[in-house]
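Notebook open, model loaded. I want to go through the rings, the cores and a couple of residues of interest.

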Amino acid sequence: MSVKSPKPRLRRRLLVVSAGLAILATPALASADEPGWSSTGQALDSGVQHGYQLAMDDVNRVVYNTDSFWRRENKVPVYDSAGTEIGYTIQALPGTGKLARFDVASRFRLTDISYLGLTRLGLTSRESAPLDWTGVTGSSVTSIRSNVSPYGAAVDPLTPGGPTIITTAARQSAVVVYRVADGPTDADVIWKTDGGGDNWFNGVRRVAVNTKTHKAYVTNFGDSRGATPGSTFPGNVTVIDLVTKKVEARVTVPGFTGAIGVDVDEDHNRIYVGSMTGDRLSVIDGSKVKTSDPESFTLNDDAITELPAVVNPNARPTYNPELKRVYVSAYDDQTITAVDADPASPAYGTVITRWVAGDTNANEVDGRRGLLYSANLKDNEVKVFSTDDHRELLTIPTSGQALNIAIDPVTRDAWVSNFSSTGKVDVLS
């Protein structure tokens, strides 16, 4: 099946912002790209030391970049003349725990949103507090995981009272939901179930929102790695209402394969879910999700369906409304699969095409211009493909390991986050 995308006016020209000053590509670099395409470059300082996800408020045109660098401390003993330890000094590298923010129009870095004032899970100390060395002797180097600092992020710009942020704390299995104007507080942390005995999340990772229904969808690995039917915590998508800040439902992914990637078709209230260990793309019908028992792993089994498309494991889907397609980056085998996502199409849920794209961690699609951007993590680059025939148009070096991408609907600029300590956000113009 062949679906033609809209032809952009400037489809033979692309401006790119990457590391350094704005410069024209050299002829040698351009020769590797599709004839007629070229790139320029610049980067923005983000102050991010351990970055993961990037989210764009496309109404207020603000970009949020997560940073969850752990606090690290080095304990150095002090000894008396007899060699007895009589004390110690601490060399500390504070954690970051923030969202770095940028004004999209000016590319000016706004004030960070700090998470360091939040309380660590199950403890009384704050994220910013020193570690407790009581009873520890001798030299030691240690760190503490950021309990609630952000890994995944999404924003709903249309919630009553102003834009709402939702972030995930990956390894500590917590979610924080708050109004941007208020900033995060302990009351905004979602962790334990209503009964207080179990965690809502297990292996929590990515999040997507439906700005029409104000629902957030959070992926969980659960017991997907090596799990069997009957696992106590199957991989699932947790549904959170962004107005009440309450968990409404869990939707278990078929086949005990866990969930990692997620994106939303707002017009049809469908949520596309990429599996962690399986090879199928699933879809949740948001209108069928029941909320009578939020803790149940089985109540919403009839709300989720495996589509025919085989997309390979560790899958990160991106839905594009102009093309009515889902493009799935499969990190494990470095492929991108285009899937028909038009509910009115007789080929709905089937594969249109698949190609090797490099070390694709995630993708984003500019349907109006007919461009697909692939954030190729370990390749330190973004590849640009045509959505007409999926040929490669450009390979663009990035400031670090490219993680994910957001597109400004006004200028069509694409913003690229980089993994770990790069401290840069790249912008594609």
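**Charges over rings.** I started with lysine 192: its charged end sits over the ring of tryptophan 191, 4.9 Å from the ring's centre. Worth keeping in mind throughout: this is a predicted model. I then looked up arginine 205, which lies over the face of tyrosine 151, 5.4 Å from the ring centre.

**Ring pairs.** Tyrosine 151 came up again here, since I found ring pairs linking Tyr52, Tyr151 and Phe419 into a cluster. How many aromatic pairs does a search of the whole structure find? I got eight.

**Cores.** Next I pulled up the largest nonpolar core, which has 18 residues. Tyr64, Tyr115 and Ile165 have the most contacts inside it. Which strands each supply at least two residues of this core? I noted E4 (62-67), E10, E11 (164-169) and E12 (174-179). E12 gives the largest share, three residues. Apart from this core I found another, of 16 residues, with Tyr217, Val237, Val253 and Ala303 among them. A general remark for the margin: in soluble globular proteins, nonpolar side chains tend to be buried together.

I also listed what isoleucine 165 touches, leaving out residues up to four places away in sequence. Its contacts include Tyr64, Leu99, Tyr115, Ala154 and Val176.

**Valine 148.** I found valine 148 in the loop between strand E9 (140-144) and strand E10 (152-156). Is valine 148 buried or exposed? I logged it as buried, because its relative accessibility is 0% and the cut-off for buried is under 20%. Beyond four places in sequence, valine 148 touches Tyr115, Leu118, Thr119, Leu121, Glu127, Ala169, Ala174, Val176 and Val189. I also checked valine 148 against threonine 167: they are 19 residues apart in sequence and 8.7 Å apart in space, C-alpha to C-alpha.

**Threonine 238.** My last stop was threonine 238, in strand E16 (residues 236-241). Threonine 238 is buried too, with a relative accessible area of 0%. What does the side chain of threonine 238 make a polar contact with? I found the side chain of asparagine 220, at 3.0 Å. A polar contact of 3.0 Å also joins the side chains of threonine 238 and asparagine 236. Asn220 is on the touch list of threonine 238 as well, which skips residues up to four places away in sequence and also includes Trp200, Phe201, Tyr217 and Arg250. I recognised Tyr217 from the 16-residue core.

Technical notes
Residues numbered from 1 in each chain as written. Predicted model: local features only at pLDDT ≥ 70, side-chain atom pairs only at ≥ 80, totals over all residues. Heavy atoms only, no water. Helix = DSSP H or I, 4+ residues; strand = E, 2+ residues; numbered from the N terminus. Buried < 20%, exposed > 50% of the residue type's maximum accessible area, 1.4 Å probe, protein only. Polar contact = N/O pair within 3.5 Å; in protein donor to acceptor, adjacent residues only side chain to side chain. Contact = heavy atoms within 4.5 Å. Core = buried A, V, L, I, M, F, W, Y, C linked by side-chain atoms within 4.5 Å. Phe/Tyr/Trp six-rings, centres within 6.5 Å; stacked < 30°, edge-to-face > 60°. Lys NZ or Arg CZ within 6 Å of the ring centre and 35° of its normal.
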